[in-house]
Amino acid sequence: MLASLVVLAAAAAEAANQSGGLPQLNPSDFSPQLVWLAITFGALYFILSRWSLPRIAEVIEERRNRIQRDLDEAERLKAETEKALAAYEQELAAARARASAIARETREKLAAEVEEERARVEAQVNAKIAEAEKRISEMKARALAQVNDIATETAGSIVEKLIGAQVSADEARRALEPVPGE
Amino acid sequence: MDPTAAKFIGAGLACFALIGAGIGIGNIFGNYLSGALRNPSAAPGQFTNLLIGFALAEATGLFGLLIALIILFG
Amino acid sequence: MATGAAEGAHGPMHQFEINRLAEFEIFGIDASFTNSSLFMVIGVALIVGFLALATNGRSLVPTRLQSVAELAYEFIANMVRENVGTAGMKYFPFVFTLFSFILAMNMLGMIPYSFTVTSHIIVTFALAALVFVVVTAIGFARHGLGYLKLFVPEGVPFWLMPLIVPIELISYLIRPISLSVRLFANMMAGHTMLKVFAGFVVSLGIFGFAPLLFTIAFTGLEFVVAFLQAFIFTVLTCIYLNDAVNMHH
């Protein structure tokens with residue numbers, strides 16, 4: 001740029017030889033330029049500041065508002081979604097808690113039932129066992145009594161066979177008395 | 001001395017102002033570049049300052065040129 | 001000047017000549033419709049027409065044109081917001097007008113045989129002076145006489161004040177000059193340069209392809225400069241506005 005300015009000086013000198021002077025420094029041309037500059041610049045300022053720039057500003061402003069509105073809307077929707085998600089999570093947790101409660105309850109009920117059943121069966125079995133034992137001891141006692149009778153009888157008959165003496169049942173029993181005691 | 005010759009010599013001398021402007025503009029852009037290469041992220045923020053510095057440095061040279069023009073054509 | 005124009009028809013300065021298309025006066029002031037005026041009107045019409053076309057639909061999902069217009073809007077709005085702060089958004093239409101006007105004039109000037117309005121010092125100086133007046137008015141309106149503290153930087157020992165204050169004052173007063181000369185000299189130098197090298201194409205004959213290639217490359221650079229100068233003019237306006245609005249020097 002500046003290198004060009006050096007060339008300019010030479011060129012200007014050449015021009016000076018051809019014409020009277022720099023066209024820019026001719027005072028008679030000043031006033032029309034100033035007048036028209038004032039007219040055109042004033043008109044441009046008036047039109048731009050009153051009409052063109054507000055129109056552009058309006059569009060830009062409107063777009064900014066629109067974007068802001070959309071952003072706000074998106075923000076609101078996001079908050080809503082988050083709220084719904086939180087509600088869902090809560091619901092899920094509640095359901096899970098309920099399910100585990102039901103499971104525990106069922107388990108406990110079943111366990112109680114089983115326990116009860118077991119106790120009942122056990123009692124039954126115990127009763128049967130006791131009854132059987134009673135019967136057994138009864139039968140044992142009866143058998144033992146019968147054994148004594150048989151033994152007495154047998155002893156009597158053995159004695160009779162051996163010595164030919166008639167032994168009464170009572171005598172035989174007395175004789176045998178210490179034996180069952182052992 | 002011929003007055004016309006003296007005028008031309010004077011105009012030529014006035015153009016020496018452009019030497020300083022050239023050095024100044026070179027300095028500005030050179031330093032901007034070296035600064036920008038050291039810290040490229042800060043460079044765009046200083047671009048306006050670069051142009052202002054350029055304009056101010058160039059203006060001093062242009063004053064000299066203006067003197068030359070006035071001598072030649074005034 | 002008329003004779004000069006005739007003589008310099010092919011000179012590099014010919015493109016900066018002002019031609020009166022219709023001569024008339026308003027209240028004794030020469031307000032002739034010149035080629036400069038023509039391009040100012042065309043530029044303004046283009047800007048307004050483009051913005052009208054771009055915002056025609058005003059759809060939520062922008063069309064191509066609309067997104068370009070919105071891009072330009074956001075570009076300048078960000079520039080004002082970054083350099084001046086939200087308090088400066090009041091002056092956004094002014095900054096946008098400046099930017100679009102200068103950009104349109106610079107870009108129109110890139111069309112061959114067209115006229116570059118911003119290559120005239122009087123136009124750029126008027127714009128820069130307008131910025132200067134507006135900024136100074138805002139400064140005094142917002143801070144009253146406290147705006148003068150701008151020239152008394154904080155933390156400077158008092159015995160340096162006689163030196164610092166004039167320097168600050170001069171640097172403040174020179175703003176419109178530097179602002180206008182920068183834009184004017186850039187546009188003028190670029191266009192003159194193009195013209196000079198285009199002249200070499202013919203005079204060098206068979207070797208003319210070299211300056212031709214240079215001219216093509218330089219035209220691309222000139223488009224960058226056209227945008228850059230509009231941008232810098234606007235950024236500096238924002239910085240000056242920042243001084244006036246926020247006053248932290």
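Contact here means heavy atoms within 4.5 Å. With that in hand, let's work through some exercises.

This is a predicted model, in which local features need pLDDT of at least 70 and side-chain atom pairs count only at pLDDT 80 or more, while totals for chains, interfaces and linings use all residues. Residues are numbered from 1 along each chain as its sequence is written, chains are lettered from A and ligands numbered from 1 in the order in which they are written, and side-chain values use heavy atoms, with hydrogens and water left out.

**Exercise 1. Describe the make-up of chain C, then do the same for chain A.**

Step 1: Count the elements. Helices (H or I, at least four residues) and strands (E, at least two) are DSSP runs, numbered from the N terminus. Chain C has eight helices and four strands, and their order from the N terminus is α-β-β-β-β-α-α-α-α-α-α-α.

Step 2: Look at the extent of chain C. Its C-alpha trace spans about 65 × 55 × 45 Å along the principal axes.

Step 3: Check burial, where buried means under 20% relative accessible area, exposed over 50% and partly exposed in between (1.4 Å probe, protein chains only). In chain C, 52% of the 249 residues count as buried.

Step 4: Ask how far along the sequence the contacts reach. Among contacts in chain C between residues at least 6 apart in sequence, 66% join residues at least 24 apart.

Step 5: Turn to chain A. Four helices and zero strands make up its elements, in the pattern α-α-α-α. Of the 182 residues in chain A, 20% are buried.

**Exercise 2. Work out how helix H5 of chain C packs against helix H8 of chain C.**

Step 1: Find the angle. Axes are lines fitted to C-alpha atoms, for helices over the stretch in contact, and angles run from 0 to 180 degrees between N-to-C directions. The axes of H5(C) (residues 121-143) and H8(C) (residues 209-246) come within 8 Å and cross at roughly 20°.

Step 2: Classify it. Angles under 35 degrees count as roughly parallel, over 145 as roughly antiparallel, 65 to 115 as roughly perpendicular and the rest as oblique. H5(C) and H8(C) are therefore roughly parallel to each other.

Step 3: Assign the hand. A crossing is left-handed if the near helix is turned anticlockwise from the far one by less than a right angle, and right-handed if clockwise. The crossing of H5(C) and H8(C) is right-handed.

Step 4: Locate the residues. H5(C) contributes residues including C:Leu127, C:Val131 and C:Ile138, and H8(C) contributes, among them, C:Phe233, C:Tyr240 and C:Leu241.

Step 5: Sort by class. Ala, Val, Leu, Ile, Met, Phe, Trp, Tyr, Cys and Pro count as nonpolar, Asp, Glu, Lys and Arg as charged, and the others, Gly among them, as polar. The contact of H5(C) with H8(C) has ten nonpolar, four polar and one charged.

**Exercise 3. Analyse the meeting of H5(C) and H7(C).**

Step 1: The axes of H5(C) and H7(C) come within 8 Å and cross at roughly 145°, and the crossing is right-handed.

Step 2: On the H5(C) side, the residues include C:Ile121, C:Phe125 and C:Phe132; on the H7(C) side, they include C:Pro176, C:Leu179 and C:Phe184.

Step 3: By class, this contact has twelve nonpolar, two polar and no charged residues.

**Exercise 4. Identify the best-connected members of the largest nonpolar core.**

Step 1: A nonpolar core is a set of buried Ala, Val, Leu, Ile, Met, Phe, Trp, Tyr and Cys residues joined through side-chain atoms within 4.5 Å. Of the 74 residues in the largest one, C:Phe101, C:Leu127 and C:Phe233 touch the most other members.

Step 2: H8(C) gives the most to this core, with 13 residues.

Step 3: Follow C:Leu127. Leaving aside neighbours within four places in sequence, C:Leu127 is in contact with A:Leu37, A:Phe41, C:Leu98, C:Phe101, C:Ile102 and C:Phe233.

**Exercise 5. Is each of C:Asn106, C:Val165 and C:Tyr113 buried, partly exposed or exposed?**

Step 1: C:Asn106 lies in helix H4 of chain C. At 0% relative accessibility, C:Asn106 counts as buried. Beyond four places in sequence, its contacts include C:Thr118, C:Met187 and C:Gln229.

Step 2: C:Val165 sits in helix H6 (residues 161-173) of chain C. With a relative accessible area of 26%, C:Val165 is partly exposed. Not counting residues up to four places away, C:Val165 touches C:Phe151 and C:Val152.

Step 3: C:Tyr113 lies in the loop between H4 and H5 of chain C. Its relative accessible area of 87% makes C:Tyr113 exposed. C:Tyr113 also has a positive phi of about 70°, although it is not a glycine.
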